[in-house]
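Trainee: I would be grateful for a close look at a single part of this structure. Please take one helix, and then show how the surroundings relate to it.

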Amino acid sequence: MYRRPCCRRPSPTAIPNTSGAASTANSPATDHHPHPRSKESLMLNGVLFFPVTPFDSSGEVDYQRLAEHIDRGVAAGPGGVFVACGTGEFHALGLEEFGKIVRCAVEVVGGRVPVFAGAGGSLVQAREFAVSAKANGADGILLLPPYLVTMPPAGLAEYTRSVAAATDLPLIVYNRGNAVFDEASAVEVSKLPTVIGFKDGTGDLDNVARIVIAVKAALADSGKEFLFFNGLPTAEITQQAYRAIGVILYSSATFAFAPELALAFYNSLETDNTELTEALLRDFFHPLVRLRNKVPGYAVALVKHGVTMEGIEAGPVRAPLVQPTPEHAAELERITAAGRAVLAGSLAANAAV
């Protein structure tokens with residue numbers, strides 16, 4: 001049904017084994033997984049791919065274009081696919097279409113890399129989405145912030161515990177917006193059997209650095225592996241700082257429409273190619289952030305336009321987000337061309353050596 005191209009993959013980081021976690025009555029442990037694998041074989045590595053959710057002209061999910069978008073992205077070589085999350089407009093999806101999106105992603109990926117799905121909103125909704133993710137074959141869950149309310153860290157820990165009880169899937173918590181952990185609550189959730197990662201979208205390096213140290217210390221005697229992620233929009237511009245506090249993994253919205261630029265930046269960090277890192281930041285990532293900051297919601301809308309710009313009609317964003325103006329769409333095209341010019345110059349210089 002779908003093409004399954006070969007996938008170039010960087011050196012992997014293992015997702016910790018969570019096989020000791022017990023299933024609950026709400027967790028369909030016998031659900032069919034189209035591409036079954038042991039939890040020990042799950043990997044997250046390199047650049048993480050967050051697909052958009054294409055919509056057709058009537059505003060419905062376009063599953064054919066979603067399949068094409070994910071297939072093309074996985075062929076480029078990400079370390080994992082995070083479907084129906086922030087870039088995928090999770091906030092605007094219904095439960096039924098969410099399940100179909102997850103199933104589509106799992107079928108297209110075909111076991112080449114792990115597929116994580118979003119879950120969040122009210123406690124009831126988050127549990128329902130978590131159960132649906134498991135039923136439709138996802139390998140794990142990214143737990144997005146609850147809707148609207150500002151909560152104390154202790155309440156956020158209880159929210160996480162309740163969602164984790166709905167399924168035995170590995171779960172990554174997202175520190176962002178109204179869902180901000182402190183050291184104590186981060187340590188508390190890190191000890192839950194299925195919580196395997198912490199993703200930061202606050203940019204508060206003071207708090208995150210303390211959380212990283214506290215969680216590592218708390219888990220040191222248990223032998224449990226734990227993953228930390230930079231989840232800021234356009235994470236590349238802060239990744240040098242995050243690497244300095246031990247946060248190596250990050251999500252890249254750029255990968256959705258210009259994977260070669262996302263991979264080039266990642267590789268420049270891995271190889272200490274400071275010249276290329278700084279050139280990509282100067283000519284592509286910093287201009288992209290300046291454009292993104294002009295209108296709320298452009299962190300999604302610009303990426304979606306970028307996917308269309310690259311040949312897969314992704315359709316509009318759903319309200320309350322808005323489409324890029326023609327002027328801003330043209331600016332995105334210029335910025336992307338400038339980034340590719342940097343990469344072409346680097347490749348030419350390397351070839352001449």
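**A close look at helix α4**

Mentor: In this predicted model, helix α4 runs over residues 153-164, which makes 12 residues, and spans 16 Å from its first C-alpha to its last, close to the 16 Å expected at 1.5 Å a residue. Its buried residues are Leu156, Ala157, Tyr159, Thr160, Ser162, Val163 and Ala164. The cover over these buried residues includes one helix that precedes α4 in number, α3, together with the strands β6 (140-143), β7 (171-175) and β8 (195-200) and the helix α5 (183-190).

Helix α4 also takes part in enclosing a space. There are two cavities of 30 Å³ or more, and the largest cavity has a volume of about 50 Å³. From α4 come three residues of its lining, the largest share; α4 and β7 each supply at least two. The lining includes Leu156, Tyr159 and Thr160, along with Leu143, Leu144, Pro145 and Pro146, and also Val173, Tyr174, Ala179 and Phe181. Leu156, Tyr159 and Thr160 are also among the buried residues of α4. By class, the lining of this cavity holds 10 nonpolar residues, one polar residue and no charged residues.

The wider setting of the helix is as follows. The chain has 11 helices and 10 strands, and buried residues make up 55% of its 353 residues. Among contacts between residues at least 6 apart in sequence, 77% join residues at least 24 apart.

The largest pocket is a separate topic from the largest cavity. The space in this pocket comes to about 990 Å³. Its lining consists of 40 residues, and those nearest the centre are Cys85, Gly86, Thr87, His91 and Arg176. The elements giving two or more residues to that lining are α3 (123-135), β10 (249-252), α9 (274-292) and α10 (298-309). Helix α3, which also helps to cover the buried residues of α4, is thus named in both settings. The pocket lining has 23 nonpolar, 14 polar and three charged residues. Cys85 counts as buried because its relative accessibility is 0%, below the 20% limit for that class.

Helix α10 gives the most to the pocket lining, with five residues. Within α10, the buried residues are Tyr298, Val300, Ala301, Leu302, Val303, Lys304, Gly306 and Val307, and they pack against α1 (63-76), α9 and α11 (326-352). Gly306, in helix α10, is buried because its relative accessible area is 0%. Leaving aside residues up to four places away in sequence, Gly306 touches Phe257 and Leu332. Gly306 and Leu332 are 26 residues apart in sequence, yet their C-alpha atoms are 7.5 Å apart in space. After α10 comes Gly311, with a positive phi near 110°. The loop between α10 and α11 holds Pro320, which is joined to Ala319 by a cis peptide bond with omega of about 15°.

Helix α1, one of the partners of α10, contains Leu66. Leu66 is buried because its relative accessible area is 0%. Apart from residues up to four places away in sequence, Leu66 touches Val52, Pro54, Ile101 and Cys104. Leu66 and Phe55 are 11 residues apart in sequence and 8.7 Å apart in space, C-alpha to C-alpha. Cys104 is itself buried, because its relative accessibility is 6%. The count of disulfides in the model is zero.

Two loop residues complete the picture. Glu89, in the loop between β4 (80-83) and α2 (95-109), has a positive phi near 60° although it is a residue other than glycine. Glu89 counts as buried because its relative accessibility is 0%. Thr234, in the loop between β9 (227-230) and α7 (239-244), likewise is not a glycine and has a positive phi of about 50°. Thr234 counts as buried because its relative accessibility is 9%.

To return to the part requested, α4 has its buried residues covered by elements that include α3, α5 and three strands, β6, β7 and β8, and it contributes the largest share of the lining of the largest cavity.

Conventions: Residues are numbered from 1 along each chain as its sequence is written. This is a predicted model: local features need pLDDT of at least 70, side-chain atom pairs count only at pLDDT 80 or more; totals for chains, interfaces and linings use all residues. Side-chain values use heavy atoms; hydrogens and water are left out. On a 1 Å grid over the protein atoms alone, a cavity is a set of points where a 1.4 Å probe fits but cannot get out, and a pocket is an open set with protein on both sides within 12 Å along at least five of seven lines; lining residues have an atom within 4 Å of a point. Grid points are joined across faces, edges and corners, and a volume is the space filled by probe spheres set on the points. Helices (H or I, at least four residues) and strands (E, at least two) are DSSP runs, numbered from the N terminus. Ala, Val, Leu, Ile, Met, Phe, Trp, Tyr, Cys and Pro count as nonpolar, Asp, Glu, Lys and Arg as charged, and the others, Gly among them, as polar. The expected span of a helix is 1.5 Å times one less than its number of residues. Buried means under 20% relative accessible area, exposed over 50%, partly exposed in between (1.4 Å probe, protein chains only). Contact means heavy atoms within 4.5 Å. A disulfide is a pair of cysteine sulfur atoms within 2.5 Å.
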